[in-house]
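User: I've got a structure open here and I'd like to go through the labels people put on it. Can you take me through what stands behind them?

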Amino acid sequence: MRWYERFFQRKLTEKRLDAELRFHLEQRIADLVGSGMAREEARRQARLELGGLDQVKEECRDVGGSHIIEAFIQDIRYGLRQLRRNPGFTAIAVLTLALGIGANTAVFSVVNSVLLQPLPYHDPERLVSIWQSYQGYTDVPVSTPNVDSWRTQNRVFEEIAAYRVQRSFTLAGQGEAQWLQGTYVTANFFGTLGVEPLLGRGFDSSEDQPVARPEVILTHALWAGVFHSDPGIVGKIIDLDGRGYTVLGIMPTGFRFPSWTDFWLPLGQMGKDELTSRVYHPLNVIARLKSGVNILRAQMEMTTINSRDQLQYPKTDEGWGVQVVSLHEQLVGTAQEALLILLAATGFVLLIACANVANLLLARAAERQKEVAVRKALGASRSRLIRQMLSESIVLALAGGALGLALAEGGLKLLPALGQGAIPQLLPIQLDAKVLAFTLITALMAGILFGLAPALRSGRLNLVSSLKATSEGSTAGFRSDFIRNLFVVTEVGLALVVLIGSGLLLRTFQFLLNVDPGFDVHNVLTARVTLLDPQYSAAGQREIFYRQLLNKVKELPGVEAAGFTDVLPLSEESNFKTRFAVEVHALSPGETYPAAELRIVYPGYFKALRIPLIQGRVFTNADFARSSAPPVIINRRLADRFFHGEDPVGKKINAGPEGPAPSWVRVIGVIGDIKEFGLAGRPKYALYFCGSNAEMYLVVKIASSPLSYSEPVRRLITKLDKSVPVSDVMTMQQRLSTSLARRRYSTVLLGVFAILGLTLSAVGISGVISYSVIRRTHEIGIRMALGAQKSDVLTMVVGQGLRLALIGVAIGIAAALAVTRFLSSMLYGVKPTDPLTFVAVSLILIAVALVACYIPARRATKVEPMVALRYE
């Protein structure tokens, strides 16, 4: 019979074992009687030879293995009884562990969802993104001819697909007009991702051509929310921007790539120039690697193709690079470092919690030493005692893990909300099987970790001295004190590392808040205005609408200035828009054209954002008039780099030197540099043109609260043209806050974990000092009887805790110097070894340690000498 059969059929097994042993006993008795021995003597002799039946049974159970499981279950039951008898100790230990395990579970749930779960596409590990690079710009979109070239030349991809995000469309005919976002995609886009439409069909290759029919594929959410899951929608025509689009298909539930899109359009509906010119770079590219091909090989292949293209098209392709990255890394890479740092921080918090519970168990072991000694005297082996203690620790850890799960469940409601805009949420963040397994393993490891030292200590208990000793005194000794002190030092060191990390991020955040973005974010209202109706197809018609709107807005009381721009600062919409050549700056041999951000603005924009004018003038309405050299305003960085101290006003710049004909523009002014790509980013070269796009951001500088103007501005737009959608209404201060979301998320969470670690460390120090005071009550009484003052006792007790804290701080500083370098990429304006942070955090921790020591020290000063002398 196998061990598990014996375990689950214990009664039957015991019955069989008992019968077999009795059979052997009776058989031996019969043999001895047969040899002439008296029956009573034969029975006695047979028992002597066989040994005690119970002992033999125990040996049989050990051989069978089921005994271990039974013993473990007994240990668990005993552990539960012990924990029930000490509800105070159990509550403190379970809560401490729950905080540590719960924090780890919550953060791991985010890590699991963002970093560990594969993308929800077929064979996601073979999906990559392909970008171009140019003069320090990375992740630059690709021209359509480049994509065609890569498709025909490569030998490493099964498919190369491309898409372009179109910002907005207006859906009409479904009640109130709605503002939606669409994406132009190639016909093989869905096939590359390995996703098929739920209803209807995808695009075919003919729809990649400029004559593509007006067709659309809807997301499941749009189909369900707006079209009420109409099963006959395929083939129907919907109104987008006043044009009829035939619905070809509906994608499955949850599929939305890019994550913000509402529907997809065939690539052939893009403009002809975007489909044919190597100058325009409108496309994002994804590809599926052939089986057995890795990213490194794909990168080498694409580099080779890119070099060939540069030789063939030197005017447009020279200086361009190409990058191949995994699609998963592309989507979640920016959050990876921050999440791993947070996971490490919660790991430190759990270690602090384990050290605290270990100290509690060591103190409790003193109370149980007689119980352990009795068990040892009755024959319990050292391994059995250790196993018993570890079983109790594991029970405690599992209870902490269960409560931690409940805390993590609550945290999961908070973390995504807190991290909105800071972490990519490709999949729902939830407590799935992987997270539960992580929690179970974490709890078991924690139970072994904090239970090991007390268990080993119990196993080495001296039987005689323990039975004689009192509960407080017997475990006292250098080794016990050393272990407890070691735990406290470890707690302080770990807490200091987390605190310094948090302090560095906090200092970074403080620096960023004090960074001058180059413009005024206060009392500025912004809103996106979209002119997609065919009546605004001509630039002149758009300019008339924008000008009328600005005139109306400026008439509102309290409005100081207003203007338009196609891209708002801090939006992080990078990727340069044009290369340029400067009239007075000839290219050196081997030098490529510099790249600049291109912005379309309306008169009044610079004034609305208080962007300083350094030289020349800003735009006026007269600048809308087209001329042979349209006016352009450059930023200070471009002027300093290419005009070498000369006055750039009046000079000419060729904005698009790789085009078929020079496109000369005339510099009329120089403005200050502004932070276009986040406060930590460095200003890039920028060219500002006067004009209007179909979609612009209205920027209004107001004397008072800007949000109170959102409705009046909406009414003005509706009054001018009720078909014009207004969206994305926010203050500039809100946009600044959004641009800091990721840093704020990491800073807040790390700060929470640092405070938690600091609190647990303070509790640990206080607990050890309190235990020390109790154990030294007799000594303190003698000291006071011999004349020691309360201040002497206070100094003695506080000094003991302070020494531990100082040692912990010293170790923590050394550890932090090694660890904080991993924060380098998340810091701004502060070094990983920032002395101010290290000193300030160390002082804070020492101050907290002093307070933690003072409470038990104060209690020690109230010891009555006569009472203490009788204390034992």
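**Labels and the values behind them**

Analyst: Sure, and keep in mind that this is a predicted model. Let's begin with Asp-623, which sits in the loop between E16 and strand E17 (631-635).

User: What makes Asp-623 count as buried or exposed?

Analyst: Its relative accessibility is 8%. Buried means under 20%, so Asp-623 counts as buried. Asp-623 and Phe-689 are 66 residues apart in sequence, yet their C-alpha atoms are 9.4 Å apart in space.

User: And what about Ala-581, is that buried or exposed?

Analyst: Ala-581 is part of strand E14 (residues 578-582). Its relative accessibility is 17%, and with the cut-off at 20% that makes Ala-581 buried. From Ala-581 to Thr-276, 305 residues away along the chain, the C-alpha separation is 23 Å.

User: Where is Ile-500, then?

Analyst: Ile-500 belongs to helix H18 (residues 478-513). At 0% relative accessibility, Ile-500 is buried as well. The C-alpha atoms of Ile-500 and Ile-813 are 8.6 Å apart, with their positions 313 residues apart along the chain.

User: How do you know which label to give Ser-791?

Analyst: Ser-791 has a relative accessibility of 45%. Partly exposed runs between the 20% and 50% cut-offs, so 45% puts Ser-791 in the partly exposed class. Ser-791 is in helix H26 (residues 790-819). Its C-alpha is 9.5 Å from that of Arg-858, a residue 67 positions away in sequence.

User: Let's do helices. How is H6 oriented against H13, and why?

Analyst: Helix H6 (residues 87-116) and helix H13 (residues 327-367) pack at about 165 degrees, and their axes are 8 Å apart. Angles over 145 degrees count as roughly antiparallel, so H6 is roughly antiparallel to H13. The crossing of H6 past H13 is left-handed. As for what is in the contact, 23 of its residues are nonpolar, eight polar and one charged.

User: What about H13 and H24, parallel or antiparallel?

Analyst: H13 and helix H24 (residues 741-775) meet at about 10 degrees, with axes 10 Å apart. Angles under 35 degrees count as roughly parallel, so H13 is roughly parallel to H24. Their contact has 17 nonpolar residues, eight polar and one charged.

User: Now rings. How many aromatic pairs are there in the whole structure?

Analyst: The search turns up 25 aromatic pairs. One to look at is Tyr-536 with Phe-545: the ring centres are 5.4 Å apart and the planes are at 70 degrees. Centres have to lie within 6.5 Å for a pair, and planes over 60 degrees apart count as edge-to-face, so this pair is edge-to-face. Both of these residues, Tyr-536 and Phe-545, are buried.

User: Which residues form an aromatic cluster?

Analyst: One cluster is made of Tyr-121, Tyr-163, Phe-189, Phe-190, Phe-203, Phe-255, Phe-257 and Trp-264.

User: What makes you say that Arg-278 lies over the face of Tyr-313?

Analyst: Arg-278 lies 3.6 Å from the ring centre of Tyr-313, over its face. The distance limit for a charge over a ring is 6 Å, and there is also a limit of 35 degrees from the ring normal. Lys-684 likewise lies over the face of Tyr-137, at 4.5 Å from the ring centre.

User: How do you know which peptide bond to call cis?

Analyst: Look at omega: from Phe-257 to Pro-258 the value is near -5 degrees, and the bond is cis. Pro-258 is in the loop between strand E8 (243-250) and strand E9 (263-266). Most peptide bonds are trans, and most residues other than glycine have a negative phi.

User: Which phi values are worth a look, then?

Analyst: Ser-229 has a positive phi, near 55 degrees, without being a glycine. Ser-229 lies in the loop between helix H9 (220-225) and strand E7 (237-240), and at 31% relative accessible area Ser-229 is partly exposed. Arg-610 is another non-glycine with a positive phi, near 55 degrees. Arg-610 is in the loop between helix H20 (605-608) and strand E16 (613-616), and its 38% relative accessibility makes Arg-610 partly exposed.

Definitions and conventions
Residues are numbered from 1 along each chain as its sequence is written. This is a predicted model: local features need pLDDT of at least 70, side-chain atom pairs count only at pLDDT 80 or more; totals for chains, interfaces and linings use all residues. Side-chain values use heavy atoms; hydrogens and water are left out. Axes are lines fitted to C-alpha atoms, for helices over the stretch in contact, and angles run from 0 to 180 degrees between N-to-C directions. Helices (H or I, at least four residues) and strands (E, at least two) are DSSP runs, numbered from the N terminus. Angles under 35 degrees count as roughly parallel, over 145 as roughly antiparallel, 65 to 115 as roughly perpendicular and the rest as oblique. A crossing is left-handed if the near helix is turned anticlockwise from the far one by less than a right angle, and right-handed if clockwise. Ala, Val, Leu, Ile, Met, Phe, Trp, Tyr, Cys and Pro count as nonpolar, Asp, Glu, Lys and Arg as charged, and the others, Gly among them, as polar. Rings of Phe, Tyr and Trp (its six-membered ring) pair if their centres lie within 6.5 Å; planes under 30 degrees apart count as stacked, over 60 as edge-to-face and the rest as tilted. Buried means under 20% relative accessible area, exposed over 50%, partly exposed in between (1.4 Å probe, protein chains only).
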